[in-house]
Amino acid sequence: MNKRLDWHKSQWSRLWEPEAGPPHAMLLVGVKGVGKSLFAMAMAQRLLCEHPASRLADACGDCPSCRLFQSGNHPDFRHVIPEADIEEGEADASSDSSDKKKSNQILIAQIRALEDFVYIGGHRSNRRVILIEPAEAMNVPAANSLLKILEEPPSGVYFILVSNRQRSLLPTIKSRCRTLSFGRPDPADAEAWLTRQEGGKKALSLLGLMAGAPIVALEEYERGRIEAFEGVALSLFDNSADFMALAGRWESMVKKDGGLRMEELIATIQKWIFDLANFKTTGRLRYFSGRERQAEGLVAKTNIDAILKYYNELLRIRGLAGHPLNPKLFLEDVAARYLRAIAPSQS
Ligand SMILES: [Zn+2]
């Protein structure tokens, strides 16, 4: 069954407590990987469930509607995602299977394709549910097209929009939806949840680095990327390398199959620098918790100004990381600056 997470009880009750039930347009916002999608799927299944145990209960998991939903074939449910996110085999037969680059956006054709679904009654009951995620992937024509439907939604139709970056949404879309915020779970809740998942115990070591978002940590574990992140961490703890060696190490990590993308490498370095600055002032690590010994070894003699300066440089560098003209030179520059930032201060 589609399960919402334990730490989302209050959001769930807020939507189901009113006798009229949830609003017809819901916008779930918050950082990636805290369970918004799971919540949205649980909500969709519950809206279509034919025998919920009570108003506040989850979907029953057993009625014909729940079974259709769980098999991914519910005729009254539409899941709208960018074409590029549709997995092989999941795509419908009509879609173009050529090598044309798939869009990362949700396009107007996808929203227009909802019109029949929205304006013609449901198959099993009058209820129909549309889940759009991430909502910020809608381009402007698509968003405007959705807006027309949201202005006068037919009865029985529910929209669930999921957004990781709500600032990129059209204000007119937001104003039509009831917004629900999803924060990061308590570390204890996140750890307990991860521990219960298959392979989750191994993903625990990524939880800090993924800013406490347990679903991202689990996904990275499932993609086999623990070692890749661990490799970057180890390279950062070592201040004995020269910049060419360090850059070479990073280059091989970026090139390797299953390795990190350049942006991810830079983001990881940035998190470490954030932590070093934080450690120097508060003695705590946010992303690299458990690595206090390594942080201590590095920052004991460094100058906080040099670390902060490098942090700011990385903000700029990160913007270039997608397409560096020369990856080798790019990494050498990042490495040289890194070693300079953590070098013992001269004074
Ligand atoms: Zn059911």
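Domain bounds here come from an automatic or database domain assignment. Keep in mind as you explore that this is a predicted model.

**Stop 1: the whole chain.** Colour the protein chain by domain: the assignment gives domain 1 (6-181), domain 2 (186-222) and domain 3 (225-341). Now look from domain 1 to domain 3, whose centres, taken over C-alpha atoms, are separated by 38 Å.

**Stop 2: the zinc ion.** Select the zinc ion and show the side chains around it. Which residues coordinate the zinc ion? You should find the SG atoms of Cys49, Cys60, Cys63 and Cys66, at 2.3 to 2.4 Å. Why is the arrangement called tetrahedral? The four donor atoms subtend angles of 103 to 117 degrees around the zinc ion, and this makes the arrangement tetrahedral. Along the sequence, the spacing of these donor residues reads C-x10-C-x2-C-x2-C.

Next, pick out Cys49 and Cys60. Both lie in the loop between helix H2 (36-48) and helix H3 (64-70), so the pair ties together parts that are eleven residues apart in sequence. Is Cys49 buried or exposed? Cys49 is buried, with a relative accessible area of 9%. Cys60, with 29%, is partly exposed.

**Stop 3: Glu264.** Finally, move to helix H13 (residues 262-282) and select Glu264, which lies in this helix. Show the side chain of Glu264 and follow it to the backbone nitrogen of Arg261, which it reaches at 2.8 Å. Try a surface view here too: Glu264 counts as buried, because its relative accessibility is 16% and buried means under 20%.

How values were computed
Residues are numbered from 1 along each chain as its sequence is written. This is a predicted model: local features need pLDDT of at least 70, side-chain atom pairs count only at pLDDT 80 or more; totals for chains, interfaces and linings use all residues. Side-chain values use heavy atoms; hydrogens and water are left out. Donors are N, O and S atoms within 2.8 Å of the metal (3.2 Å for Na, K and Ca); water is not among the atoms, so sites may look incomplete. Four donors count as tetrahedral if all angles lie between 85 and 135 degrees; four count as square planar and six as octahedral if opposite donors are over 155 degrees apart and all others between 65 and 115; anything else is irregular. Helices (H or I, at least four residues) and strands (E, at least two) are DSSP runs, numbered from the N terminus. Buried means under 20% relative accessible area, exposed over 50%, partly exposed in between (1.4 Å probe, protein chains only). A polar contact is a pair of N or O atoms within 3.5 Å; within protein, one must be able to donate a hydrogen and the other to accept it, and residues adjacent in sequence count only if both atoms are side-chain atoms.
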